[in-house]
Amino acid sequence: MATNTKTDAVAPAVPGTASNFLRDKIVEDLKTKKYGDAVIQTRFPPEPNGYLHIGHAKAICLDFGLADEFAGRTNLRFDDTNPEKEEQEYVDSIMADVRWLGFEWDGLYYASDYFDQLYEWAIKLIKDGKAYVDDLTADEIREYRGTLTESGRESPYRNRTVEENLDLFTRMAKGEFPDGSRVLRAKIDMASPNMNMRDPVMYRILHASHHRTGDKWCIYPMYDYAHGQSDSIERVTHSMCTLEFTDHQPLYRWYIEQLGIFPSQQIEFDRLNLTYTLLSKRRLLQLVNEGHVRGWDDPRMPTICGIRRRGYTPEAIRNFVWAVGVSRTNGIVDLAMLEHFVREDLNKRAPRAMAVLRPLKVVIDNYPEGQVEELDAINNPEDPSAGTRKVPFSRELYIEQDDFREVPPPKYFRLSPGREVRLRYAYIVKCTNVVKDEKTGEVVEVHITYDPETRSGSASANRKVKSTIHWVSAAHAVNAEVRLYDTLFSKEDPSQVEAGKDFTSNLNPNSLEMVSDAKLEPSLASAVPGSRCQFERLGYFCVDPDSVAGKSVFNRTVALKDTWAKIVSKAGS
RNA sequence: UGGGCGGUCGACUAAUGGUAGGUCAAGUGCCUUUGGAGCACUUUGUCCAGGUUCGAAUCCUGGCCGCCCAGCCA
């Protein structure tokens with residue numbers, strides 16, 4: 001099948017043209033030559049302690065997309081200042097995900113590349129009397145910090161001499177002191193209403209091996225002490241981050257000003273939130289660890305790898321991000337918006353095929369036994385260049401159980417006794433009678449007759465019928481497993497929980513439905529993992545890597561819009 | 001309740017003192033050999049109260065509501 005799908009091609013990012021405040025800011029800075037003739041420089045700064053998710057995709061599109069738009073540059077910089085949580089595995093997956101999304105970085109850096117420079121700058125701040133070694137314990141520091149409404153108190157170690165601070169700090173770096181025994185703090189203002197300015201910790205002692213610097217260091221810089229300077233070293237002009245860092249901006253600037261280095265500027269934007277979705281590393285990790293999902297790349301996960309396995313395309317994600325836009329308000333985007341953009345993309349390029357998820361046997365009583373016709377089917381009505389294929393048709397078929405009702409409800413146009421429908425790409429057929437299970441009364445076989453004059457494409461095929469249904473020839477059908485997904489959570493905002501419960505109580509028990517014996521048209525037999533197609537009338541599907549020779553596994557990426565389902569739910573309500 | 005940041009259709013987002021527009025969702029109709037796709041049309045909005053102004057979503061004042069901050073996490 002989908003070997004002709006233009007999958008995962010690295011297409012250029014096409015940012016939306018709608019105005020947004022980040023673009024406006026860049027335009028203004030360019031106009032006023034805030035950075036002279038320097039090009040726009042951005043960076044995407046993930047911490048390598050987890051997998052990227054759709055929220056990061058927004059940041060990636062903004063960081064790379066906006067720089068691209070202004071012929072600027074974007075670095076990928078791993079914010080690896082905490083050796084206890086960071087691993088190479090995450091570094092590799094992050095690089096793969098960024099590339100899959102369609103972006104390529106100009107420079108690849110690590111905050112740890114700057115540990116030497118950061119250390120020298122710490123020495124300078126000490127010499128300038130702007131940093132000191134504090135012997136208070138973590139608990140004491142917290143106590144001295146004060147609260148949101150009361151100012152803090154100065155540490156008794158705050159006024160050590162430069163010489164003593166220098167001695168202590170260099171010995172901290174040499175490993176003379178145990179973890180947690182001392183920290184280096186910036187000397188700013190313990191009475192600041194901004195907690196971040198109450199003598200923030202710059203360095204802590206951590207006798208831990210770092211994924212890149214090994215055992216060279218036993219002191220590690222804090223995020224605030226590392227981030228702005230890293231930006232500055234890379235001459236980042238627009239350092240975009242999410243809203244929760246707004247309060248850190250004064251500190252970001254303070255370090256840069258005290259050091260007199262390149263004045264990178266931080267600009268905050270709102271995080272992406274999605275209905276029925278949780279986007280926090282901690283909770284995602286919990287879902288994986290507690291086995292609520294099968295792993296980081298479970299197709300129900302909002303991780304980039306999960307979404308990829310689900311069958312989403314990078315183009316769909318990028319289009320979604322630009323459509324959602326960016327601002328400084330905390331909102332929650334309707335999942336339907338994301339689904340719209342996958343459908344839009346896949347509709348244009350996913351080849352069509354016929355597949356029956358819940359088979360119901362159909363016998364065409366007046367069709368010659370043993371006869372097989374190879375019918376022409378269109379691969380993609382939206383794309384004539386996708387061509388056609390042959391689909392075998394014979395006396396015994398499978399149709400979808402849903403496509404037959406012994407007693408049709410109002411507005412039901414599919415097959416039922418005495419009614420006519422068209423079999424897609426084949427004939428108009430009429431239901432003559434049904435065979436039921438003696439015990440259960442369930443319809444197990446449907447008998448129909450066909451009108452040989454109505455073969456698709458023939459001159460006399462124009463008779464109108466109320467509906468067209470899909471089918472698969474029983475003798476030629478390929479068996480497959482199909483996994484149908486619903487939202488992972490059943491609450492629009494999964495973080496809203498009853499007292500005493502946690503977010504896992506909002507898990508949707510029906511988020512995964514396994515269909516083990518779906519019947520596919522034979523052209524689907526050789527589908528390779530990752531390839532996508534539309535099962536006509538059902539939705540977009542992609543081949544899962546769990547597939548083995550002879551038994552394909554398909555994931556439903558997203559269902560087609562379903563007008564009938566709407567009619568049913570309206571009638572029911 | 002100290003500080004910071006916000007509040008525009010159901011959702012997201014434009015309008016930068018001068019016609020409140022777009023996308024998604026919802027609805028109606030057209031079309032259709034996918035109840036898909038497409039097309040057309042429609043409904044719904046400036047948090048509240050004052051003020052400035054010829055004119056306010058936009059500026060001012062005062063409220064109300066929401067989010068973030070007290071890691072040696074990022």
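Reader: Which residues of α7 are buried?
Author: They are D224, Y225, A226, H227, G228, Q229, S230, D231 and S232. The term means under 20% relative accessible area, with exposed meaning over 50% and partly exposed in between (1.4 Å probe, protein chains only). This is a predicted model, in which local features need pLDDT of at least 70, side-chain atom pairs count only at pLDDT 80 or more, and totals for chains, interfaces and linings use all residues; side-chain values use heavy atoms, with hydrogens and water left out. Residues are numbered from 1 along each chain as its sequence is written, while chains are lettered from A and ligands numbered from 1 in the order in which they are written.

Reader: What makes helix α7 mostly covered?
Author: Nine of the 11 residues of α7, which runs over residues 223–233, are buried. Helices (H or I, at least four residues) and strands (E, at least two) are DSSP runs, numbered from the N terminus. Just after α7 comes R235, with a positive phi of about 55 degrees.

Reader: How many helices and strands does chain A have?
Author: There are 13 helices and 25 strands. Of the 573 residues in chain A, 54% are buried.

Reader: Why does Q534 count as buried?
Author: Q534 has a relative accessibility of 6%, which falls under the cut-off, so it counts as buried. Q534 sits in strand β23, residues 532–535. Setting aside residues up to four places away in sequence, it touches A350, P351, R352, A353, G539, Y540 and L560. A contact here means heavy atoms within 4.5 Å.

Reader: What joins the side chains of Q534 and Y540?
Author: A polar contact of 3.2 Å joins them. The name applies to a pair of N or O atoms within 3.5 Å; within protein, one must be able to donate a hydrogen and the other to accept it, and residues adjacent in sequence count only if both atoms are side-chain atoms. A similar question can be put to Q258, which is found in helix α8, residues 249–259. The side chains of Q258 and K130 are joined by a polar contact of 2.6 Å.

Reader: Why does G50 count as buried?
Author: The relative accessibility of G50 is 3%, and therefore G50 is buried. Its place is in the loop between β1 (41–44) and α2 (54–69). Leaving aside neighbours within four places in sequence, G50 is in contact with Y90 and I94.

Reader: How many disulfides does a search of the whole structure find?
Author: It finds zero disulfides. C542 is in none, and the nearest cysteine sulfur, that of C533, is 8.8 Å away. A disulfide is a pair of cysteine sulfur atoms within 2.5 Å, so the pair C542 and C533 does not qualify.

Reader: What is the relative accessible area of C542, and is C542 buried or exposed?
Author: The value is 2%, so C542 is buried. C218 also counts as buried, because its relative accessibility is 8%.

Reader: Which residues are the closest to RNA strand B?
Author: They are D24, S327, R352, S456 and T563, out of 73 residues that surround the strand. A residue is near a molecule or strand if one of its heavy atoms lies within 4 Å of it.

Reader: How do the residues of the surface near RNA strand B divide?
Author: There are 26 nonpolar, 22 polar and 25 charged residues. Ala, Val, Leu, Ile, Met, Phe, Trp, Tyr, Cys and Pro count as nonpolar, Asp, Glu, Lys and Arg as charged, and the others, Gly among them, as polar. The largest share of this surface, five residues, comes from α13.

Reader: Which part of RNA strand B lies 2.5 Å from a polar side-chain atom of D24?
Author: It is a base oxygen. For T81, a polar side-chain atom lies 2.6 Å from a phosphate oxygen of the strand. K566 places a polar side-chain atom 3.2 Å from a phosphate oxygen of RNA strand B. Of the strand's atoms within 4 Å of the protein, 65% belong to sugar or phosphate and the rest to bases.

Reader: What pLDDT does chain A average?
Author: The average is 94, and 97% of the residues score at least 70. Over residues 1–14 the pLDDT is below 50. The score is the predictor's confidence in each residue, from 0 to 100. For the complex, the predictor gives an ipTM of 0.97 and a pTM of 0.95.
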